Amino acid sequence: MNAVASNEFKILFTGPMGAGKTTAITAISDHEAVSTDVVNTDLAQCNKELTTAALDYGQIVLPDNSCVRLYGTPGQERFRFMWPILLNNAAGVIVLLNGEHPELLEHLEHYVDAFGAGKVPMVIGVGRLPAEDLGRLETLAMRLEERGIALPIFDADVRQQDDVLLLVDALLCQIEADDCRSMEA
Amino acid sequence: MENRTLAFIGLEADTTSACLSMLKIMNGRSSVEWMQAAPEEADVLMLANDDGNRQWQDGNKPCIVIYHNNESKPAAPYTLSHPFRVMQLISVLEDVSRTLTESSSTVDTKANTPAPQPASRAATATSGQTDFSESLYQAVTSQDKQALYQSESPQGTLYVSPSAGAYFIQEPLYNEVRHKTASLSALKPANETDLSAYIRRPIAELAWMTAQLASSLPSWLPKDGSFRLKRWPNVRSAKSDRAYLSMSALMTKQPCRREQLAAHAGCAQQQVDRFLSACAMSNLLVCEAGAAAPVTRTATPDEPRRRVSFIQGLRHRLGLSS
């Protein structure tokens, strides 16, 4: 896994436009996410008025005054050059996908590959799934399994704080598991 | 209606009072009526997470350990994180009650007592469930996947299609299965059937509900084996719980023995066994009999220590129970 600088704990939120990265960060950040929203000129890609053009930023101050930093990547492909910069020293990545999108499987592989292909702790949250459509999640998990990648994939409505917390908790469990691989047999 | 008694030991007055209020709410809505009793006379003990109460845990009565949500989860078979809700109390009391029924059934069988068992319906369901769980495991892991299997019950027929990852059920039987009172026969191959009147549900859900009936690791899984996961289960549909997240995270990275999982997730062995059983019946589990888990250090000692501090602090800030 990536080395984490001793004074920094960074969680990255990524995914295509409109997947809910800004909303997810705002749901758990101490303050509303600092966003660099601009008017969306790519309505074909995603039908919303504003979109993030650089990055989102949120933070959670811990009881010992250290800080967990939450970064959201811009969703547009033309800002892809920023992804490895943001990924540097990240403790883990939360990928948010739109379950209604016809290219859901392609999006999954695209973001998993771009952010470490399973080598960095990662959780996938899929929004806008039809109720009880767990078969779609199974399909995504099996696609990764075929490539030897096992990642948690949950349905997640990022407007619900509990859903975002589940994603964060699963990510923390993965980071812990990486550290505990040295435990006594 | 069955009656059981519960004693409170070392709990703060407001916790005891909240529990008694919850028991009043529960009574009449559950198959078991709970009443308060002195510790010596009670069937079940509810204890504060305190070293002074260890003597009670060493006794032969089931103990529910109450721990505060900023404490580590104690390694006890039954625990509740304070503050808790009435549904959580109901869930743990149902588990305890089932264990009491099963152990009384085992003791009576060993004593060769011919008299009918109390709560014989639950006992029958548990024994039949062993056959059903094994047959479900075989159906989902078979290379030669039969298109459709069926299981009979007095409340109706349940169909399982491993290739579709689904089972098909009607409302009355579904309610029985959900309430863990269904008595299901072992699965057997079924002819093509019109399932349009049936509800389609994911097999993982059936596996999860079936696994909750087991009191230990089923005989069709090796007790001394190592287990790993092919992919993450949909833990959310199987009642989201930190222990399941922790076990899933570890088992997708390396094979683990049962004791390692219990230690890592800080949960009771029974919870581990049920989880392994559910994963096996969902065709997610790879069993490696007798294999030892590798010991691989991936980070320098200082890195994990700092990360542990961040993780604990973050969970505390976000209100995620320890």
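Begin by selecting strand β4 of chain B, residues 63–68, in this predicted model, and you will find a strand that is mostly covered, since five of its six residues are buried. With β4(B) still highlighted, add strand β3 of chain B, residues 44–48, which runs parallel to β4(B) and is joined to it by four bridges. To see one of these pairings residue by residue, pick B:Ala48 and look across to its bridge partner in β4(B), which is B:Ile66.

Next, add strand β5 of chain B, residues 78–82, which pairs with β4(B) in the parallel sense over five bridges. Here a good residue to click on is B:Tyr67, whose bridge partner in β5(B) is B:Ser81.

Now move to chain A and display the whole chain before going into detail. Chain A holds five helices and eight strands, and, read from the N terminus on, these elements follow the order β-α-β-β-β-β-α-β-α-β-α-β-α. Of its 185 residues, 55% count as buried, while the chain exposes about 7,800 Å², of which carbon and sulfur atoms supply 49%. If you consider the contacts in chain A between residues at least 6 apart in sequence, 67% of them join residues at least 24 apart.

Within chain A, select strand β7, residues 122–127. Why can this strand be called largely enclosed by the rest of the structure? Six of the six residues of β7(A) are buried, so the strand is largely enclosed by what surrounds it. Turning the view from one side to the other shows that both faces are covered, with A:Met122, A:Ile124 and A:Val126 buried on one side and A:Val123, A:Gly125 and A:Gly127 buried on the other.

Then bring in the strands that pair with β7(A). Strand β6 of chain A, residues 90–98, pairs with β7(A) in the parallel sense over six bridges, and A:Ile94 stands opposite A:Val123 of β7(A). Strand β8 of chain A, residues 153–155, also pairs with β7(A) in the parallel sense, over three bridges, and the bridge partner of A:Val126 in β8(A) is A:Asp155.

Finally, add helix α3 of chain A, residues 104–114, where the buried residues are A:Leu104, A:His107, A:Leu108, A:Glu109, A:Tyr111 and A:Val112. Just after this helix, select A:Gly116, which takes a positive phi of about 105°. With β6(A), α3(A) and β7(A) shown together, you can trace the right-handed β-α-β unit that they make.

Technical notes. Residues numbered from 1 in each chain as written. Chains lettered and ligands numbered in written order. Predicted model: local features only at pLDDT ≥ 70, side-chain atom pairs only at ≥ 80, totals over all residues. Heavy atoms only, no water. Buried < 20%, exposed > 50% of the residue type's maximum accessible area, 1.4 Å probe, protein only. Helix = DSSP H or I, 4+ residues; strand = E, 2+ residues; numbered from the N terminus. Pairing = 2+ DSSP bridges. Right-handed = clockwise from strand over helix to strand, strands pointing away. Contact = heavy atoms within 4.5 Å. Areas by Shrake-Rupley, 256 points an atom, 1.4 Å probe, with all protein chains shown as cover.
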